[in-house]
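Me: Let's go through the ligand site of this model. Short answers, please.

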Amino acid sequence: MFGKILVPVDGSAAALRAVNYARGVAEKFESAVTLLHVIEHPGYLSADINKLPTSVIQDMDQNGEQILAEALEIFADFDGRVSTKLEYGHAGIKITDLSKEHSYSLIVMGRRGLSGVKQLLMGSVSNYVLHYAQCPTLIIKGEK
Ligand SMILES: Nc1ncnc2c1ncn2[C@@H]1O[C@H](COP(=O)(O)OP(=O)(O)OP(=O)(O)O)[C@@H](O)[C@H]1O
Ligand SMILES: [Mg+2]
């Protein structure tokens, strides 16, 4: 059970809470964990990303790597398998596609993310994944 856990992160406190939670589940079930960040810049959603200046791409990649490094810190001294993955595109689609392609048994993610729209109960990415992912999906609640 829960052999492979996918944990999507966006640099928000809510996502880090989900990472913490995922660590607990992984310790209990001896799961392999993948921390995933999807770069959602509109340039990556268009057909021709080559039109973007190299410096813009480098900045986005660097920011993504930083988000993953911060999440990875929560797994310091983790006695198991943990890896990171940087992808490009629509976050919801990437998360659900990857979880299917690589047969993840569980997705653990935040209820909200970086956006400040307080009226929303759930962010669009978590909402999308909850609707379309084929594996069990755990949405970690927090004060935001
Ligand atoms: N680009 C991303 N890459 C990976 N995971 C993400 C990404 N964006 C969001 N997530 C995951 O989805 C969770 C919910 O974030 P979401 O983006 O849905 O909410 P929000 O930012 O508050 O609202 P919205 O983006 O819809 O305006 C995050 O805690 C994180 O786990
Ligand atoms: Mg968001």
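**The shell and the pocket**

Reply: By class, the shell around ligand 1 holds nine nonpolar, eight polar and two charged residues. Ala, Val, Leu, Ile, Met, Phe, Trp, Tyr, Cys and Pro count as nonpolar, Asp, Glu, Lys and Arg as charged, the others, Gly among them, as polar. The model is predicted: local features need pLDDT of at least 70, side-chain atom pairs pLDDT 80 or more, while totals for chains, interfaces and linings use all residues. Residues are numbered from 1 along each chain as written, chains are lettered from A and ligands numbered from 1 in written order, and side-chain values use heavy atoms, without hydrogens and water.

Me: Which oxygen or nitrogen atom of ligand 1 lies 2.5 Å from an N or O atom in a side chain, and which residue owns that side chain?

Reply: A polar contact is a pair of N or O atoms within 3.5 Å. A polar side-chain atom of R112 lies 2.7 Å from an oxygen atom of ligand 1. At 2.5 Å, the ligand 1 atom is an oxygen, and the side chain belongs to S124.

Me: How much of ligand 1 does the protein bury?

Reply: Accessible areas use the Shrake-Rupley method with a 1.4 Å probe. Taken alone, ligand 1 exposes 610 Å². The protein buries 89% of that.

Me: Which helix supplies at least two residues of the shell around ligand 1?

Reply: Helices are DSSP runs of H or I, at least four residues; strands are E runs of at least two. Strands β2 (32–39) and β4 (106–110) each supply at least two shell residues. So does the helix α5 (124–132).

Notes: Polar contact = N/O pair within 3.5 Å; in protein donor to acceptor, adjacent residues only side chain to side chain.
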